[in-house]
Amino acid sequence: MTRATLLALLAFPALACTGEKDLPAADGGDGTDGADASDGADGTDGTDGADASDGTDGTDGDDGEDLVNHLEACTDLDLPIREFDAAGPEAMRRWQPAGDFTVPLRDGTEWTLSENWSGCDNYLFIPHYLTVSDADRSSFWFGGIRDLLRRSPENVHYFFVVDSADSAEGEEFGAAMQAEIDDELSGMRESDAAWWFDRLHVVDGTTAGLDGLVGDAFAASGLALTGFGIDRSQRIRGLGYFSAVGAYDASLDWPWEWRLSQVAGEAEFFNFEAERDQRMAEFEVVEIPIFGGDVIEEYEDGPMVLPDAETMAGFDTLEIEVLMECPDKDGHEIGNCGAWDYLAHLFLWDEASERWLEMGRFITTYHRESHWVLDATHALAWLQDGGERTIRYSWAPSWNVQPTGVTLKLRLSNQGKGVAPREAIELFTGGAFNSSYNDRDPVTVPIPADAAKVELRAIITGHGSDATTSCAEFCRHSHAFSVGSSTYEQGYSTAGTSTGCEQQIDEGTVPNQAGTWWFGRGGWCPGKEVPAFIADVTGDVVPGEDATFTYRATLNGDDPPDQDGNIVLSSWAVVYR
């Protein structure tokens with residue numbers, strides 16, 4: 001994709017990234033996407049941005065207030081320190097090691113990564129030509145520094161880069177941006193100004209005069225069309241679309257303007273990934289590779305070769321790790337990765353019942369890459385015998401396949417829990433969320449006499465969006481599971497809000513997707529794994545006796561009315577020994 005093509009997409013992003021949809025009301029109470037929930041998460045577009053009136057993160061503040069709780073080093077930030085790696089990229093593309101680089105700054109100095117490496121920072125490079133909207137073609141750089149810093153984690157450096165061959169353009173934009181930064185810093189508390197002075201960099205000149213990594217990245221065919229990043233693992237990363245849900249303008253073809261503050265979400269997400277990587281390294285893991293990155297379109301069946309039964313008995317934890325990459329690794333993510341937020345599942349074929357059993361669930365992104373790690377420990381109960389099994393990974397409907405490079409593996413570990421799943425008894429499934437949804441019988445489960453722990457585990461997502469309630473994607477449905485005299489309830493309080501999923505970047509929502517990724521949904525977010533609802537019900541059952549499980553789903557405390565979408569539900573009573 002050329003820069004000219006990108007600019008055309010930015011002018012009409014609604015045509016490039018989404019289909020025509022009815023727009024839900026501010027509270028998520030209206031709108032429909034006409035999608036069959038069984039085919040995907042649905043890709044509904046539209047909101048009025050009621051939750052963020054200033055078009056950034058909805059916060060305000062007086063000049064000079066403390067924008068960050070200022071700390072001075074990685075140790076003070078309580079962040080692990082990674083050693084600098086001089087190895088550079090084999091190719092200028094995402095996920096490659098960044099190596100070192102040097103850029104000239106407008107103050108006459110040079111900034112070199114290795115000399116300034118802290119071991120816990122993120123680095124984001126933002127080009128000047130990204131515009132506010134199709135109607136306002138001014139650079140989105142300007143007027144947003146305060147809101148950018150307000151939203152930013154502390155461990156980030158921002159580099160403002162004029163991507164041009166025109167030296168006059170470089171001087172114009174560079175001088176204007178430096179002046180805006182200086183003005184903003186002059187209004188801050190001294191400690192904050194000192195902190196951000198070292199982290200806001202205007203690169204001198206233009207990309208045409210840059211040697212090394214930064215110049216090469218912007219010269220690459222699509223890597224840095226909306227900028228690029230270097231994460232805390234020193235990997236090159238792409239950036240997305242910077243539409244802000246609060247910057248809504250119905251007169252625009254794509255009715256959300258771009259805001260500089262949205263860039264902060266990339267750094268927030270890199271922090272989530274770094275913290276996840278740290279947790280993943282805490283235990284010794286046996287990895288079971290399944291797919292190795294080949295581009296596949298709709299679903300793929302494959303063999304899963306496990307250790308023998310004796311080895312499997314030593315594991316108490318199972319995780320699924322999935323990397324979803326755009327098919328063209330040299331192209332920009334937007335217009336390259338799959339366009340829609342579809343349901344993705346990892347299934348295990350059970351020969352005894354001749355059914356697919358759900359090991360894990362995910363939601364694909366709008367046009368961006370994703371990397372998921374999901375706890376699927378319940379599935380250990382189905383894998384005790386080890387050996388070769390058949391799995392299916394599916395992520396798109398047959399009528400709209402999304403070619404994707406898929407790397408998938410299982411992670412088996414012993415985390416010292418003392419017990420592991422030995423049985424997973426199916427409880428309830430979902431269906432059409434309507435007035436007969438709760439017409440279901442209790443389920444009786446015989447609890448083995450040697451059960452050490454019993455757990456309720458449910459994977460729940462709501463889909464479809466009718467014109468009255470926006471159910472079951474945008475409505476606040478609740479799910480109550482009862483065991484004996486105890487009830488355990490899973491609700492979705494942010495469903496229907498304009499920033500419910502944006503607020504979950506630190507939990508794994510991929511930021512800055514090219515679609516309405518910000519909106520709160522009923523049990524899921526675009527670009528995020530679907531964590532199971534888990535309740536320890538050991539105290540509610542008696543080993544050696546039957547336990548009775550019941551389930552009821554409600555909308556605002558009552559049975560749902562008709563035509564309220566669909567609930568996709570898998571649930572089990574998991575017995576540990």
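Glu-321 is buried (under 20% relative accessible area, where exposed is over 50% and partly exposed lies in between, with a 1.4 Å probe and protein chains only), yet Glu-321 has no salt bridge, and Lys-409, the nearest side chain of opposite charge, is 4.4 Å away. A salt bridge here needs a side-chain nitrogen of Lys or Arg within 4 Å of a carboxyl oxygen of Asp or Glu. For charge, Lys and Arg count as positive and Asp and Glu as negative, while His and the chain ends are not counted.

A word on the source: this is a predicted model, in which local features need pLDDT of at least 70, side-chain atom pairs count only at pLDDT 80 or more, and totals for chains, interfaces and linings use all residues. Residues are numbered from 1 along each chain as its sequence is written, and side-chain values use heavy atoms, with hydrogens and water left out.

Back to Glu-321, which sits in strand E12 (residues 317–325). Strands (E, at least two residues) and helices (H or I, at least four) are DSSP runs numbered from the N terminus. The side chains of Glu-321 and His-371 share a polar contact of 2.7 Å; such a contact is a pair of N or O atoms within 3.5 Å, where within protein one must be able to donate a hydrogen and the other to accept it, and residues adjacent in sequence count only if both atoms are side-chain atoms. Leaving aside residues up to four places away in sequence, Glu-321 touches (heavy atoms within 4.5 Å) several residues, including Met-280, Trp-372 and Arg-411.

Now for two open sheets, both with antiparallel pairing. Two strands pair if DSSP finds at least two bridges between them.

| Strand order | Edge strands |
|---|---|
| E19-E24-E21-E22 | E19 (443–446) and E22 (486–491) |
| E11-E16-E13-E14 | E11 (299–308) and E14 (355–363) |

In the sheet E19-E24-E21-E22, E19 and E22 each have a single partner strand, so one side of each is left without a neighbour in the sheet. E19 is joined to strand E24 (residues 546–555) by four bridges, and Thr-444 stands opposite Thr-548 in E24.

In the sheet E11-E16-E13-E14, strand E13 (residues 343–350) pairs with E14 over eight bridges. Phe-347 has Glu-358 in E14 as its bridge partner.

Finally, Pro-97 lies in the loop between helix H2 (13–17) and strand E1 (102–104). Pro-97 is partly exposed, at 30% relative accessible area. Its C-alpha atom is 9.6 Å from that of Arg-237, 140 residues apart along the chain.
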